[in-house]
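The following exercises are to be worked through with the model in view. Each task is followed by a solution in steps.

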Amino acid sequence: MAETQDVVELILQDHRRMEDLFRLMRSVEADRAAALQEFADLLIAHALAEEAKVYPALKRYKNIDDEEVEHGEHEHDEGNSALLDLLEVEEVGSEEWDSKLEKLVEAVTHHADEEERTILNGARENVAMERREELGAAFVKERERQLKAGCGSADNVRRIVNS
């Protein structure tokens, strides 16, 4: 993928990577536990970076619906809760694993789809590229900070869900 600083494109790239990781977590031939850990790190870092650096900035634009941004934050909570449920399953590949994985896929896919149609399209139409690149740089910096801190550990996800 081309290097971009556009926050819209960066968020979309993360969404596509999450979809790839879902495929790996469903595959009996893949290292499903490793895919889950990468997914957990990415989901948590992505959501925290959006909430810290992107959503507050987008709320300032009159043509971007604040309710959609707040709804996006609520959906992050749902995704985090579904992620914790999967992280707490003892046996990778068990029926319980598969069931919790599908709940996670449903929550995250629903959120990504809505976010892409509402918030990101609104940003693309109403936010100048220069500002989107500034937001992209802030998003990447915060996401990387979270990733380095091991943000997708079960203990951290549990802390986020219970806060």
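**Exercise 1: The nonpolar cores**

In this predicted model, the largest nonpolar core comprises 26 residues, and those with the most contacts inside it are Phe22, Met25, Phe39, Leu83, Leu86 and Leu104. Determine which elements give two or more residues to this core, and which residues Phe22 contacts beyond its neighbours within four places in sequence.

*Solution.*

Step 1. Two or more residues come from each of helix H1 (7-26), helix H2 (32-58), helix H3 (66-87), helix H4 (95-126) and helix H6 (154-162).

Step 2. The most is given by H2, which supplies eight residues.

Step 3. Once neighbours within four places in sequence are set aside, Phe22 is in contact with Phe39, Leu101, Leu104, Val105, Val108 and Thr109.

Step 4. Another core, of 17 residues, lies apart from this one; Leu10, Ala57, Val69 and Leu135 are among its members.

**Exercise 2: The packing of two helices**

Describe how H3 and H6 pack, giving the angle and the distance between their axes, and state which residues meet.

*Solution.*

Step 1. The angle between H3 and H6 is about 145 degrees, and their axes are 9 Å apart.

Step 2. The crossing in which H3 passes H6 is left-handed.

Step 3. From H3, the residues Asn80, Ser81, Leu83, Leu84 and Leu87 take part; from H6, they meet Ala154, Val157, Arg158, Ile160 and Val161.

Step 4. Sorted by class, this contact of H3 with H6 contains seven nonpolar, two polar and one charged residues.

**Exercise 3: Two residues and their surroundings**

Decide whether His76 is buried, partly exposed or exposed, do the same for Ser153, and identify the contacts of each residue.

*Solution.*

Step 1. His76 is located in helix H3. Its relative accessibility is 5%, and buried means under 20%; therefore His76 counts as buried.

Step 2. Not counting residues up to four places away in sequence, His76 touches Ala47, Glu50, Glu51, Tyr55, His111 and Glu115. With Glu50, the side chain of His76 forms a polar contact of 2.7 Å.

Step 3. Ser153 belongs to the loop between helix H5 (129-148) and H6. Because its relative accessibility is 29%, which falls between the limits of 20% and 50%, Ser153 counts as partly exposed.

Step 4. Leaving aside neighbours within four places in sequence, Ser153 is in contact with Gln37 and Asp41.

Step 5. Glu68 lies 85 residues from Ser153 along the chain, and the C-alpha atoms of the two are separated by 28 Å.

Technical notes: Residues numbered from 1 in each chain as written. Predicted model: local features only at pLDDT ≥ 70, side-chain atom pairs only at ≥ 80, totals over all residues. Heavy atoms only, no water. Core = buried A, V, L, I, M, F, W, Y, C linked by side-chain atoms within 4.5 Å. Buried < 20%, exposed > 50% of the residue type's maximum accessible area, 1.4 Å probe, protein only. Helix = DSSP H or I, 4+ residues; strand = E, 2+ residues; numbered from the N terminus. Contact = heavy atoms within 4.5 Å. Axes fitted to C-alpha atoms, helices over the stretch in contact; angles between N-to-C directions. Left-handed = near helix turned anticlockwise from the far one by under 90°. Nonpolar A, V, L, I, M, F, W, Y, C, P; charged D, E, K, R; others polar. Polar contact = N/O pair within 3.5 Å; in protein donor to acceptor, adjacent residues only side chain to side chain.
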